[in-house]
Amino acid sequence: MKRVRELPFFKNIREVREFDFGIFYYFDGLVISEIKDGVIFDWKMAEKAVIAAQEIFGENAPIAYISNRINNYTVSPTDWIKFYNNRNRLSFYSVVGSTQGSFTSLVLERMFFQNSIHQFTDLQQAIDFSLAKIEENRATV
């Protein structure tokens with residue numbers, strides 16, 4: 001699997017935020033994460049990335065999020081309830097992964113995420129899909 005920095009699309013980067021649990025890449029209306037191996041990704045971690053997104057995009061901007069699962073880590077799916085209680089909504093959510101663990105986590109996340117989660121095995125395809133959805137969303141506003 002490819003990392004964000006390996007794609008030509010990386011030249012469009014707006015900002016990179018490195019946290020102890022992973023790296024978040026911020027593009028116009030698009031956030032891509034690469035969580036570190038062995039992390040149990042929870043709300044406290046997600047909140048840091050959300051605050052960064054609000055600083056970069058503003059509080060009401062629609063955001064497409066791609067989880068580029070290049071490493072094995074666990075998502076705490078029950079913490080997505082906290083995400084919604086804090087009114088931080090994603091317009092589009094995609095997962096890129098090719099390991100059994102990444103898709104097992106995806107099944108659990110779908111139980112808690114109210115919108116659909118799109119699944120990809122290729123990061124560039126996920127980016128293309130997300131950018132198209134962002135444009136569609138902007139056209140209807």
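This report describes the overall fold, one central strand, one helix residue and one cavity of a predicted model.

## Overall fold

The protein chain contains four helices and eight strands. Read along the sequence, these elements follow the pattern β-β-β-β-α-β-β-α-β-α-β-α.

Of the 141 residues in the chain, 47% count as buried. The chain exposes about 7,500 Å², and carbon and sulfur atoms supply 49% of that area. Among contacts with a separation of 6 or more, 68% are accounted for by residues 24 or more positions apart.

## Strand 7 and its partners

Strand 7 covers residues 92–96, and five of its five residues are buried, so the strand is largely enclosed by the rest of the structure. F92, S94 and V96 point one way from the strand, while Y93 and V95 point the other way. Residues on both sides are buried; the cut-off for this term is a relative accessible area under 20%.

Strand 7 runs parallel to strand 5, and five bridges join the two. One of the residues involved is I66, whose bridge partner in strand 7 is S94. Strand 7 also pairs with strand 8 (residues 117–120), again in the parallel sense, over four bridges. Here the bridge partner of S94 is H118. S94 is thus bridged to I66 and to H118.

## L123 in helix 4

L123 lies in helix 4, which spans residues 123–140. With a relative accessible area of 4%, L123 is buried, because the cut-off for that term is under 20%.

Which residues does L123 contact, leaving aside its neighbours within four places in sequence? They are K2, R3, V4, L7, I32, I66, N68 and V96. Two names in this list have appeared above: V96 belongs to strand 7, and I66 is the bridge partner of S94. The C-alpha atoms of L123 and G97 are separated by 8.5 Å, although the two residues are 26 apart along the chain.

## The second largest cavity

A search of the whole structure finds two cavities of 30 Å³ or more. The second largest has a volume of about 30 Å³. Its lining is formed by S33, I35, F41, Y65, S67, R69, Y73, V75 and Y93. Y93 is also one of the buried residues of strand 7.

Strand 3 (30–35) and strand 5 (64–68) each supply at least two residues of this lining. By class, the lining has six nonpolar, two polar and one charged residues.

Notes. Residues numbered from 1 in each chain as written. Predicted model: local features only at pLDDT ≥ 70, side-chain atom pairs only at ≥ 80, totals over all residues. Heavy atoms only, no water. 1 Å grid on protein atoms, 1.4 Å probe; cavity = no way out; pocket = protein on both sides within 12 Å on 5 of 7 lines; lining within 4 Å. Points joined across faces, edges and corners; volume = space filled by probe spheres on them. Nonpolar A, V, L, I, M, F, W, Y, C, P; charged D, E, K, R; others polar. Buried < 20%, exposed > 50% of the residue type's maximum accessible area, 1.4 Å probe, protein only. Contact = heavy atoms within 4.5 Å. Pairing = 2+ DSSP bridges. Areas by Shrake-Rupley, 256 points an atom, 1.4 Å probe, with all protein chains shown as cover.
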